[in-house]
Amino acid sequence: MGRLRVHNFTISLDGFGTGEGQAPGAPFGHAGERLHDWMFATRFWHEMGGSGEGSVGADHAFAAMHGRGIGAEIMGAGKFGPPGWQDDPGYTGVWGSNPPFHTPVFVLTHRPRPSVEMEGGTTFHFLDATPAQALERAREAAGGSDVRLGGGVSVIRDFLAEGLVDQMHVVQIPILLGRGVRLWDGLESLEEAYDIEAVSTPSGVTHLTFTARTR
């Protein structure tokens with residue numbers, strides 16, 4: 001059975017994975033793109049745009065694990081689009097006609113709609129389901145490969161609270177947001193369920209890897 005993995009999920013020093021005031025054109029609210037500056041500098045990011053530039057150190061190595069062995073993705077409604085996207089029946093996400101997933105993607109929403117097949121192997125399926133139900137569907141679609149949990153913050157928190165996440169890579173960056181949606185709220189003693197490793201890099205970020213202990 002494939003694992004459920006989180007990769008490249010970035011938080012501030014005070015634990016926020018997104019800022020306040022999300023809107024069209026501002027998917028991370030007042031945080032802007034600061035949460036992801038570390039990734040934009042890597043070879044991994046540049047290669048997705050067809051460039052051979054970018055750093056090849058530890059940040060690149062962590063970022064590049066994002067797609068390896070992934071057969072499906074689960075994401076929340078807030079990652080799929082800004083507030084109000086459910087009111088647009090023609091909305092297909094923020095990634096254009098060829099999204100970067102290239103797998104089935106299961107979008108959790110209280111307002112399901114028919115599946116949408118995109119270029120490059122991505123098909124969006126819209127589910128009103130519990131975390132466990134969504135994971136079962138995604139694992140069936142992944143065909144034995146792993147499932148990536150893409151976010152946003154509340155979705156990852158819900159899956160962690162139910163003990164469903166097998167491996168998680170969180171990137172803590174040296175900024176303070178002060179407000180927004182915090183990852184760790186309600187997850188006291190999470191360390192009892194996971195082995196945790198920390199690697200700091202010259203860019204100033206710390207990569208935290210959580211590996212579930214044998215259940």
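How many aromatic pairs does the count come to? The answer is 13 aromatic pairs. Keep in mind while reading that this is a predicted model. Here are my notes, starting with those rings.

1. **F80 with F124.** The ring centres of F80 and F124 are 5.0 Å apart and the planes sit at 75°, so this one is an edge-to-face pair. It links distant parts of the chain: F80 belongs to helix α4 (residues 77-80) and F124 to strand β6, with the two positions 44 residues apart. Both F80 and F124 are buried.

2. **W95 with F124.** F124 also pairs with W95, and here the rings are stacked, at 5.9 Å centre to centre with 25° between the planes. W95 comes from the loop between α4 and β4 while F124 is in strand β6, so this pair ties together parts 29 residues apart in sequence. Is W95 buried or partly exposed? With a relative accessibility of 24%, W95 counts as partly exposed. F124, at 0%, counts as buried.

3. **The wider ring cluster.** Have a look at the group these two pairs belong to. Ring pairs join F80, W85, Y91, W95, F101, F124 and F126 into a cluster. One member, F126, has R113 over its face, 5.8 Å from the ring centre.

4. **Helix α5, length and end.** Next, a helix worth tracing on screen. α5 runs over residues 131-142, which makes 12 residues. From first C-alpha to last, α5 reaches 16 Å, close to the 16 Å expected at 1.5 Å a residue. After α5 comes G143, with a positive phi near 60°.

5. **Helix α5, two sides.** Which residues of α5 are buried? They are P131, A134, L135, A138 and A142. Looking down the axis of α5, you'd find these buried residues within an arc of 100°, so they line one face of the helix. The general rule behind this sort of pattern is that an α-helix has 3.6 residues a turn, so residues three or four places apart point the same way. E136 and E140 are exposed on the other side of α5.

6. **What sits on top of α5.** The cover over the buried residues of α5 includes strands β1 (4-11), β3 (70-76), β4 (104-108), β6 (123-127) and β7 (146-149). Helix α6 (153-161) is also included in that cover. Note that β6 is the strand holding F124 from the ring pairs above.

7. **Helix α6 itself.** In α6, the buried residues include V153, V155, I156, F159 and L160. R157 is buried there too, in case you want to check an arginine. Just after α6, G163 has a positive phi, about 70°.

8. **E53 and its loop.** Where does E53 lie? It is in the loop between α2 (43-48) and α3 (58-63). With a relative accessible area of 53%, E53 is exposed. Setting aside neighbours within four places in sequence, E53 is in contact with T42, R43 and H46. E53 and R43 are 10 residues apart in sequence, and their C-alpha atoms are 5.7 Å apart in space.

9. **The annotated domain.** According to an unreviewed UniProt entry, residues 8-191 are covered by the annotation "domain: Bacterial bifunctional deaminase-reductase C-terminal". In the model, the end C-alpha atoms of residues 8-191 lie 19 Å apart. That span is 22% helix and 21% strand.

Conventions
Residues numbered from 1 in each chain as written. Predicted model: local features only at pLDDT ≥ 70, side-chain atom pairs only at ≥ 80, totals over all residues. Heavy atoms only, no water. Helix = DSSP H or I, 4+ residues; strand = E, 2+ residues; numbered from the N terminus. Expected span 1.5 Å × (residues − 1). Buried < 20%, exposed > 50% of the residue type's maximum accessible area, 1.4 Å probe, protein only. Arc of directions from axis to C-beta. Contact = heavy atoms within 4.5 Å. UniProt positions renumbered as here; feature names shortened; annotations may be inferred. Phe/Tyr/Trp six-rings, centres within 6.5 Å; stacked < 30°, edge-to-face > 60°. Lys NZ or Arg CZ within 6 Å of the ring centre and 35° of its normal.
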